[in-house]
Amino acid sequence: MALDHAIENLRVNAVCPGSVETDMIRDAWEQTGGAEKARQLWASKHPLGRIATPEEIAQAILFLASKEASFITGVALPVDGGITAG
């Protein structure tokens, strides 16, 4: 799509989040019977040692939609705390 629409000055990018602390993931942790232990386990899987906040994912989206990213197209941007880097 990025190549198909570049001539129209339309940019096409994707944000690929890792684990994000949301109500849904917190509910899943609580169902394990050990929410804090589950949170720590998930966080330990990420090289940064924590889980993203929804605001961190939103900031990546905001950047890609901004004027500062006007020459970026065709990118799949991992926002995953380094989990896919290895």
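## Close-up views of a predicted chain

**Figure 1. E21, D23, R26, E36 and R39 are joined in a network of salt bridges.** Please keep in mind that this is a predicted model. Let us start with R26, which has two partners in this view. The side chain of R26 forms a salt bridge with that of E21, with 3.4 Å from N to O. R26 also forms a salt bridge with D23, and here the distance from N to O is 2.5 Å. Where do D23 and R26 lie? Both are in helix α2, which covers residues 23–31, and they sit three residues apart, about one turn of the helix. Their surroundings are described by accessibility: D23 is exposed, with a relative accessible area of 54%, while R26 is partly exposed at 28%.

**Figure 2. R39 and E36 form a salt bridge in another part of the network.** The N to O distance for this pair is 3.4 Å. How far apart are R39 and E36 in helix α3? They are three residues apart in this helix, which runs over residues 35–44, so about one helical turn separates them. R39 is partly exposed, with a relative accessible area of 27%. E36 is partly exposed too, with a relative accessibility of 44%. If you would like to keep a tally, the count of salt bridges comes to five.

**Figure 3. W29 and W42 make an edge-to-face pair of rings.** How many aromatic pairs does a search of the whole structure find? The search finds one aromatic pair. The ring centres of W29 and W42 are 6.1 Å apart and the ring planes meet at 75°, so the pair is edge-to-face. To follow that step, it helps to know that planes over 60 degrees apart count as edge-to-face. W29 belongs to helix α2 and W42 to helix α3, so the pair ties together parts that are 13 residues apart in sequence. Are these two residues buried or exposed? W29 counts as buried, at 2% relative accessibility, whereas W42 is partly exposed, with a relative accessible area of 37%.

**Figure 4. N9 has a positive phi, near 60°.** Why does a positive phi deserve a close-up? Most residues other than glycine have a negative phi. N9 is a residue other than glycine, yet its phi is positive. You can find N9 in the loop between α1 (2–5) and β1 (14–17). N9 is exposed there, with a relative accessible area of 67%.

**Figure 5. D80 is a buried residue without a salt bridge.** Look for D80 in the segment that comes after β2 (76–79). Which side chain of opposite charge is nearest to D80? The nearest is R50, and R50 is 11 Å away. A salt bridge needs the two atoms to be within 4 Å. The D80 side chain does reach another partner, the backbone nitrogen of G82, at 3.0 Å. Leaving out residues up to four places away in sequence, D80 touches C16, P17, G18 and H46.

**Figure 6. V15 lies in strand β1 and contacts residues from further along the chain.** Which residues does V15 contact, leaving aside its neighbours within four places in sequence? The contacts of V15 are with I57, I61, L64, L77 and V79. V15 is partly exposed, with a relative accessible area of 24%. This view also links back to the previous one: V15 and D80 are 65 residues apart along the chain, and their C-alpha atoms are separated by 9.7 Å.

**Figure 7. The whole chain has four helices and two strands.** This last view steps back from the details. Reading along the sequence, you meet the elements in the pattern α-β-α-α-α-β. What does the C-alpha trace span along its principal axes? The trace spans about 55 × 25 × 20 Å. The radius of gyration of the chain is 16 Å, but a compact globule of 86 residues would have one near 12 Å. Buried residues make up 20% of the 86 residues. Among the contacts with a separation of 6 or more, 66% come from residues 24 or more positions apart.

Note on methods. Residues are numbered from 1 along each chain as its sequence is written. This is a predicted model: local features need pLDDT of at least 70, side-chain atom pairs count only at pLDDT 80 or more; totals for chains, interfaces and linings use all residues. Side-chain values use heavy atoms; hydrogens and water are left out. Buried means under 20% relative accessible area, exposed over 50%, partly exposed in between (1.4 Å probe, protein chains only). Rings of Phe, Tyr and Trp (its six-membered ring) pair if their centres lie within 6.5 Å; planes under 30 degrees apart count as stacked, over 60 as edge-to-face and the rest as tilted. Lys and Arg count as positive and Asp and Glu as negative; His and the chain ends are not counted. A polar contact is a pair of N or O atoms within 3.5 Å; within protein, one must be able to donate a hydrogen and the other to accept it, and residues adjacent in sequence count only if both atoms are side-chain atoms. Contact means heavy atoms within 4.5 Å. The radius of gyration is taken over C-alpha atoms; the globule rule is 2.2 Å times the number of residues to the power 0.38.
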